[in-house]
Amino acid sequence: MQKEKYTLITGGSEGIGKALAEECAKRGMNILLVALPQPQLETAAQHIRETFQVRAEYFGVDLTEEQAPYQVLEWVQQKGYQIDMLINNAGFGYAGAFEDYASPQFFDKLMQLNMRALVLLNRLFIPELKKQPKAYLMNLGSMSSFQPVPYQAVYGASKAFIYNFTRAIRVELADSNISVMALCPGGTNTNDINKARNADLKGLAKKSILNPEDIAPRAIDALLKGKAKLLTGRINRIILTISKLIPLNTRLKIAAKNLKPQQEFKQTQDASQQEKVNV
Ligand SMILES: NC(=O)c1ccc[n+]([C@@H]2O[C@H](COP(=O)([O-])OP(=O)(O)OC[C@H]3O[C@@H](n4cnc5c(N)ncnc54)[C@H](OP(=O)(O)O)[C@@H]3O)[C@@H](O)[C@H]2O)c1
């Protein structure tokens, strides 16, 4: 008898990951959620089971821990889950000056989650995906994937890394059964910090903000169609097209002016804290 297939989504308990999980479940896919071991993870899995009548299981783990990506694979293999879609969504950002904003450990953690865990999960799960007749792999980039981002320097660089990595392995896997896509959202109303920041925006920046539920159906459609990337939102696509016509130095000055935090918002994050600002 053929085993049931699952879609595995990291960071699937909140925000964009949760919306992607629900969109997949709506289409009849069984779901595996991987996120921090917090009560909302179990609640999210239960909600998916009850609402969409599909299987939904979860694994709570801090993906910044050294062994975490290996533990995710071990869990999947021990349970005998067959994965035909992997969505690497877990990630976090911040807004502030590189030198003042946070401890070195904070940036270490950001890189562990946004880049190390993502690369290892790709590497560990591609052999699993290859066992299926057809499989899909999505990594979460951002609008920040496309240029350096002053005052979000490490976050922006991590998203450029993800985008370049994803486009490169897509080519390497072109003759395989796996379709690879980079999802690059602009500002999205997810956690409370993002919502508060987005509420303060003005003009085009405010109009460009989307909700996770707007992004998810388009993202899954694009992935299933075999697209290489999806930049969400018409305004974001226009901004990106126009920005390509502007010299990089000028773009950097504009970004710095818009993103430089007010003095009173300066704060120090320690390594135990993750800020939830993403762009
Ligand atoms: N929101 C935006 O404006 C925006 C724009 C562009 C790109 N993105 C990207 O989209 C992705 C999701 O962003 P979001 O705004 O939806 O985030 P979010 O609402 O903060 O949710 C993040 C998810 O990742 C999980 N997570 C966080 N740290 C983790 C860790 N160390 N180990 C395991 N799981 C962890 C969280 O679990 P808990 O619920 O337990 O905390 C949660 O499920 C990120 O990669 C982000 O960079 C977001």
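Reader: Which residues does Leu33 touch, not counting residues up to four places away in sequence?

Author: The structure is a predicted model, in which local features need pLDDT of at least 70, side-chain atom pairs count only at pLDDT 80 or more, and totals for chains, interfaces and linings use all residues. Residues are numbered from 1 along each chain as its sequence is written. Two residues are in contact if their C-beta atoms, placed from the backbone, lie within 7 Å. With residues up to four places away in sequence left out, Leu33 touches Ile9, Gly12, Ser13, Ala21, Leu41, Ala44, Ala45, Ala56 and Tyr58.

Reader: Which element gives the most residues to the largest nonpolar core?

Author: A residue is buried if 20 or more other C-beta atoms (placed from the backbone) lie within 10 Å of its own, exposed if 12 or fewer, and partly exposed in between. A nonpolar core joins buried Ala, Val, Leu, Ile, Met, Phe, Trp, Tyr and Cys residues through C-beta atoms within 7 Å. The largest such core has 69 residues, and Leu20, Ile31 and Leu33 have the most contacts inside it. With 8 residues, the element that gives the most to this core is α5.

Reader: Which strands stand at the edges of the sheet?

Author: Helices (H or I, at least four residues) and strands (E, at least two) are DSSP runs numbered from the N terminus, and two strands pair if DSSP finds at least two bridges between them. The open sheet has 7 strands in the order β3-β2-β1-β4-β5-β6-β7, with parallel pairing. Two of these have a single partner strand each, so one side of each lacks a neighbour in the sheet: β3 (56–60) and β7 (229–231).

Reader: Which residue in β4 stands opposite Ile9?

Author: Strand β1 (residues 5–10) pairs with β4 (residues 82–88) in the parallel sense over 5 bridges. Opposite Ile9, in β4, stands Ile87.

Reader: How many residues of β6 are buried?

Author: β6 pairs with β5 in the parallel sense over 6 bridges, and Asn139 has Ala182 in β6 as its bridge partner. Ile178, Val180, Ala182 and Cys184 point one way from β6, while Ser179, Met181 and Leu183 point the other way, and all are buried. β6 is therefore largely enclosed by the rest of the structure, its buried residues being 7 of the 7.

Reader: At what angle does helix α5 run to β4?

Author: Axes are lines fitted to C-alpha atoms, for helices over the stretch in contact, and angles run from 0 to 180 degrees between N-to-C directions. Helix α5 (residues 104–129) lies across β1, β4, β5 (135–140) and β6 (178–184), and its angle to β4 is about 160 degrees.

Reader: Are α5 and α6 roughly parallel or roughly antiparallel to each other?

Author: Angles under 35 degrees count as roughly parallel, over 145 as roughly antiparallel, 65 to 115 as roughly perpendicular and the rest as oblique. The axes of α5 and α6 are 10 Å apart, and the helices pack at an angle of about 10 degrees. The relation of α5 to α6 is therefore roughly parallel.

Reader: Where is Gln53, the residue with phi near 55 degrees, placed?

Author: Gln53 is a residue other than glycine, yet its phi is positive. Gln53 counts as exposed because it has 9 C-beta neighbours inside 10 Å. Its place is in the loop between α2 and β3.
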